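Work through the exercises below with the sequence and the structure side by side. Try each task before reading its solution.

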Amino acid sequence: LCPQVPELGKATVRIRQPERVREIIQALREQGVAKLQVISDFDMTLSRFGCNGRRCPTSHNILDTSRVISEDGKKKLKDLLHYYYPIEIDPNRTLEEKRPLMVEWWTKAHELLVQQKIHKSDIAQIVRESEAMLRDGFKEFFDQLHKNNIPLFIFSAGVGDILEEIIRQANVFYPNVNVVSNYMAFSDEGVLTHFKGPLIHTYNKNNSVLQGTGYFQQLSTRTSIILLGDSMGDLTMADGVPSVENILKIGFLNDKVEERRKKYLDSYDIVLESDETMDVVNGILRYLLAE
């Protein structure tokens with residue numbers, strides 16, 4: 001496909017239009033590093049989906065299953081997950097159907113968390129005790145972007161305080177990393193009182209929740225984009241970019257691979273099936289950044 005990026009030959013890689021992908025990669029390289037930015041989801045995209053046959057936790061899971069949540073709270077949060085997650089990934093439901101249900105899920109989950117009187121001072125320890133893992137090769141990914149002053153925008157429907165702590169504990173929270181997510185608000189005593197708005201869920205990752213941040217406006221010259229996601233909702237993450245010249249969409253297909261493959265191949269330029277690494281992304285970056 002692209003001899004300069006041997007990683008694209010991995011068995012986990014699927015591409016519906018190889019010619020088009022080759023053209024986009026060439027265009028990104030020609031435009032140069034000064035025009036590049038990376039926009040990425042966090043949970044199950046930068047973080048791992050599984051390890052040794054076990055599911056890895058999302059930023060919400062880390063909190064939901066931690067020692068600061070009561071047994072009753074854990075049960076209720078789990079019930080919400082079992083009810084709403086199948087809806088979230090159901091390929092037969094429209095986004096219009098899913099959106100209000102996602103708002104319902106996130107709102108209920110956040111209300112339950114607020115009832116738990118979580119302390120800000122517990123967050124670092126909660127993350128340390130969790131089984132959160134970033135994908136293999138994450139260090140090279142974050143390091144390459146930082147070294148080349150390429151902005152990394154993390155757009156997450158998870159819990160901002162938790163995912164920032166994961167990145168911090170991995171020692172890769174560099175100044176070029178910018179996060180928009182669901183952040184907790186704490187009282188003067190450091191107790192969780194509510195979640196700051198606007199609510200970000202899987203299917204509203206677009207301009208509607210970015211209003212007022214002005215992030216992409218500041219980066220108006222960054223017209224080349226690598227977008228990384230693991231759901232259909234992640235495809236709109238670059239909608240706020242003023243003028244996109246080239247965009248390469250890379251999708252991690254982590255779960256229910258057979259039944260969701262077609263949809264992913266129709267939507268993402270490159271699909272990575274059950275791949276827990278950043279190999280392909282790093283390979284592409286290496287080629288784009290090579291002298």
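**Exercise 1: The lining of the pocket**

Task: Find which helices and strands each supply at least two residues of the lining of the largest pocket.

Solution. The model is predicted. Step one is to list the elements: helix H2 (59-64), helix H3 (71-88), helix H4 (95-115), helix H5 (123-129), strand E5 (152-159) and helix H10 (257-267) each supply at least two lining residues. Step two is to look for the largest share, which comes from H3 with ten residues. Step three is to take the lining as a whole: 46 residues line the largest pocket, and Arg55, Thr58, His60, Asn61 and Leu81 lie nearest its centre. By type, the lining residues divide into 18 nonpolar, twelve polar and 16 charged. The volume of this pocket is about 1,100 Å³.

**Exercise 2: Pocket and domains**

Task: State where the largest pocket lies with respect to domain 1 and domain 2, and describe the contact between the two domains.

Solution. Start with the bounds: the domain assignment gives domain 1 as 6-51 + 133-289 and domain 2 as 54-129. The contact takes 36 residues from domain 1 and 31 residues from domain 2. Next, both domains give residues to the lining of the largest pocket, so the pocket lies between them. The centres of the two domains, taken over C-alpha atoms, are separated by 21 Å. About 3,000 Å² is buried between domain 1 and domain 2, and carbon and sulfur atoms give 67% of that area. The last step is the salt-bridge count between the two domains, which is zero.

**Exercise 3: A salt bridge between two loops**

Task: Which parts are tied together by the pair Lys205 and Asp41?

Solution. First, the general idea: side chains of opposite charge can pair when their charged atoms come close. Here the side chains of Lys205 and Asp41 meet in a salt bridge, with 2.7 Å from N to O. Lys205 lies in the loop between E8 and H8 and Asp41 in the loop between E2 and E3, so the pair ties together parts that are 164 residues apart in sequence. The structure holds 28 salt bridges.

**Exercise 4: Backbone details in the loops**

Task: Describe the peptide bond from Gly197 to Pro198, and the phi of Met44.

Solution. The bond from Gly197 to Pro198 is cis, with omega near -10 degrees. Pro198 sits in the loop between strand E8 (192-195) and helix H8 (207-210). Met44 is not a glycine, yet its phi is positive, about 70 degrees. The place of Met44 is the loop between strand E2 (36-40) and strand E3 (50-51).

How values were computed
Residues numbered from 1 in each chain as written. Predicted model: local features only at pLDDT ≥ 70, side-chain atom pairs only at ≥ 80, totals over all residues. Heavy atoms only, no water. 1 Å grid on protein atoms, 1.4 Å probe; cavity = no way out; pocket = protein on both sides within 12 Å on 5 of 7 lines; lining within 4 Å. Points joined across faces, edges and corners; volume = space filled by probe spheres on them. Helix = DSSP H or I, 4+ residues; strand = E, 2+ residues; numbered from the N terminus. Nonpolar A, V, L, I, M, F, W, Y, C, P; charged D, E, K, R; others polar. Domains from an automatic or database assignment. Contact = heavy atoms within 4.5 Å. Buried area = accessible area lost by both parts, 1.4 Å probe. Salt bridge = Lys/Arg side-chain N within 4 Å of Asp/Glu carboxyl O.
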